[in-house]
Amino acid sequence: MKRFIPILLTLSLCLALCGCGGAAAEPEQTTEQLQIVATVFPAYDFSRQIAGERAAVTLLIPPGAEVHSFEPTAKDMVRIQNADLLVCNGGESEEWLEQLLEGQEAPLHVLTMLDCVDALEEEVIEGMQE
């Protein structure tokens, strides 16, 4: 019986060390999966709902951040450059994006949400004071 104690301890130690192995690496994204970058959450949610599992959708501007004064980091610029599609609002709130896209080497598909709707003109109502 005394002879089995060292064997059991050794076996227990081996089993314990095998359980301490690192977690399996996450599988790399397939090249078939589209890479979509959305600037704001509504565009992100819209893209995620439509693309489903066929695309990896990334939100560029974190929730709560001010869109008008957002300054992209180098990592954000790489995300945009490597994306297959950029979904943005456009307009005055994302003027920084226009400057960023001017220097883009490869053609990037950009879906500007403001281009997808008809703009309404303001109506002047008589008797209203400004």
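This tour moves through a predicted model from its confidence values to its sheet, core and charged pairs.

**Before selecting anything**

Residues are numbered from 1 along each chain as its sequence is written. In this predicted model, local features need pLDDT of at least 70, side-chain atom pairs count only at pLDDT 80 or more, totals for chains, interfaces and linings use all residues, and side-chain values use heavy atoms, with hydrogens and water left out.

**Colour by confidence**

Colour the chain by pLDDT, the predictor's confidence in each residue, from 0 to 100. The mean for the protein chain is 74, and 69% of its residues reach 70 or more. Confidence is lowest in helix H1 (residues 4-19), with a mean of 49, and highest in S2, at 93. Helices (H or I, at least four residues) and strands (E, at least two) are DSSP runs, numbered from the N terminus. Next select residues 11-15, where pLDDT is below 50 and the stretch has zero contacts beyond near neighbours in sequence; contact means heavy atoms within 4.5 Å. Residues 22-27 likewise have pLDDT below 50 and zero contacts beyond near neighbours in sequence. Where pLDDT is low, the predicted coordinates should not be read in detail.

**Select the sheet**

Show the four strands of the open sheet, which has the order S2-S1-S3-S4 and parallel pairing. Strands pair if DSSP finds at least two bridges between them. At the edges are S2 and strand S4 (109-112), each pairing on one side only. Neighbouring strands are turned by 20° against each other on average, direction ignored. Now focus on S1 and S3, which run parallel and are joined by three bridges; Ile36 stands opposite Leu85 in S3.

Add helix H3 (residues 74-82). H3 lies across S1, S2 and S3, and runs at about 130° to S1. Axes are lines fitted to C-alpha atoms, for helices over the stretch in contact, and angles run from 0 to 180 degrees between N-to-C directions.

**Select the core**

Which residues have the most contacts inside the largest nonpolar core? They are Ile80, Trp96 and Leu97, in a core of 23 residues. Such a core is a set of buried Ala, Val, Leu, Ile, Met, Phe, Trp, Tyr and Cys residues joined through side-chain atoms within 4.5 Å. Strand S1 (34-38), helix H2 (41-51), strand S2 (55-59), strand S3 (85-88) and helix H4 (95-102) each give two or more residues to this core.

Centre on Trp96. Apart from neighbours within four places in sequence, Trp96 is in contact with Thr39, Leu60, Ile61, Val67, His68, Phe70 and Pro72.

Then select Ser47 in helix H2. Ser47 counts as buried at 7% relative accessibility; buried means under 20% relative accessible area, exposed over 50%, and partly exposed in between (1.4 Å probe, protein chains only). Beyond neighbours within four places in sequence, Ser47 is in contact with Ile36, Gly52, Val57 and Val87.

**Select the charged pairs**

How many salt bridges are there? The count is two, where a salt bridge is a side-chain nitrogen of Lys or Arg within 4 Å of a carboxyl oxygen of Asp or Glu.

- Asp45 and Arg48: the closest N and O atoms are 2.6 Å apart. Both residues lie in helix H2, three residues apart, about one turn of the helix. Asp45 is partly exposed at 25%, and Arg48 is partly exposed at 36%.
- Arg79 and Asp76: the closest N and O atoms are 3.6 Å apart. These residues are three apart in H3, about one helical turn. Arg79 is partly exposed at 29%, whereas Asp76 is buried at 8%.
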